[in-house]
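Student: I would like to go through this structure term by term. Please set each value against its definition.

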Amino acid sequence: MEIRGEDWYAEELGAVRHVEVTFTDVDLSEATTTGAMFERCVFHNCRFNGSTHTDSAFVGCDFRRTSFFDATFAGCKMNGSVFDRCTMRPMTVTGGQWQGVTIRGTDLSALDLSG
């Protein structure tokens with residue numbers, strides 16, 4: 001399944017579940033998720049700017065040229081995901097699981113991922 005060019009600005013997505021979905025040019029700016037599950041999804045040229053994700057999972061996902069400017073991930077599971085040439089500053093991460101995550105071509109200077 002593919003979702004292309006949609007505007008989900010400020011949407012409250014709740015506990016949605018997406019498996020093997022490709023998101024291309026989707027605006028998720030200021031969207032919120034709580035308990036959502038994204039499994040083996042691809043996010044290409046998407047925007048998560050100012051979005052908030054709580055206790056959600058992005059497992060085995062592929063993020064390419066995606067912007068996370070001012071995004072917040074609290075208690076999220078990101079295991080096995082790949083970030084390639086993404087904008088990740090500033091971004092807030094508290095708790096969660098980030099095991100096996102690969103980050104390529106991304107400036108992480110001054111980004112606090114200690115939580």
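Tutor: We take the fold, then burial, then salt bridges, then a surface patch.

Tutor: This is a predicted model, where local features need pLDDT of at least 70, side-chain atom pairs count only at pLDDT 80 or more, and totals for chains, interfaces and linings use all residues. Residues are numbered from 1 along each chain as its sequence is written, and side-chain values use heavy atoms, with hydrogens and water left out.

Student: How many helices and strands are in the chain?

Tutor: Zero helices and 14 strands. Both are DSSP runs numbered from the N terminus: helices are H or I with at least four residues, strands are E with at least two.

Student: What makes the chain as compact as a globular protein of that length?

Tutor: Its radius of gyration is 12 Å, and the globule rule gives 13 Å for 115 residues; the two are close, so the chain is as compact as a globular protein of that length. The radius is taken over C-alpha atoms, and the rule is 2.2 Å times the number of residues to the power 0.38. Along the principal axes, the C-alpha trace spans about 35 × 25 × 25 Å.

Student: Why is Cys46 called buried?

Tutor: Buried means under 20% relative accessible area, exposed means over 50%, and partly exposed is in between (1.4 Å probe, protein chains only). Cys46 has 1%, so it counts as buried. Its place is the loop between strand E7 (42–44) and strand E8 (52–54). Ala36 also counts as buried, at 2%. Ala36 sits in the loop between strand E5 (32–34) and strand E6 (37–39). Buried residues make up 40% of the 115 residues in the chain.

Student: What makes Arg40 and Glu20 a salt bridge?

Tutor: The rule asks for a side-chain nitrogen of Lys or Arg within 4 Å of a carboxyl oxygen of Asp or Glu. Arg40 and Glu20 meet at 2.9 Å, N to O, so the pair satisfies the rule. Arg40 lies in the loop between E6 and E7, and Glu20 in the loop between strand E3 (17–19) and strand E4 (22–24), so the pair ties together parts 20 residues apart in sequence. Arg40 has 41% relative accessible area and is partly exposed. Glu20, at 47%, is partly exposed too.

Student: How many salt bridges does the rule give?

Tutor: Seven. One of them joins Asp27 and Arg47, with the closest N and O atoms 3.9 Å apart. That pair links distant parts of the chain: Asp27 is in the loop between E4 and E5, Arg47 in the loop between E7 and E8, 20 residues apart. Asp27 is buried at 15%, whereas Arg47 is partly exposed at 30%.

Student: Which side chain meets Asp84 in a salt bridge?

Tutor: Arg85, at 3.3 Å, N to O. Salt bridges that share partners also join Arg17, Glu20, Glu39 and Arg40 into one network.

Student: Why do Glu6, Asp7, Glu11 and Glu12 form a negative surface patch?

Tutor: Asp and Glu count as negative, Lys and Arg as positive; His and the chain ends are not counted. Patch residues have over 30% relative accessible area and no salt bridge, and like charges are joined within 9 Å. Each charge is placed at CG of Asp or CD of Glu. Glu6, Asp7, Glu11 and Glu12 form such a patch. Take Asp7: at 54% it is exposed. Asp7 lies in the loop between strand E1 (2–4) and strand E2 (12–14).

Methods: Patch = residues over 30% accessible without salt bridge, like charges linked within 9 Å, V, L, I, M, F, W, Y side chains within 5 Å. Areas by Shrake-Rupley, 256 points an atom, 1.4 Å probe, with all protein chains shown as cover.
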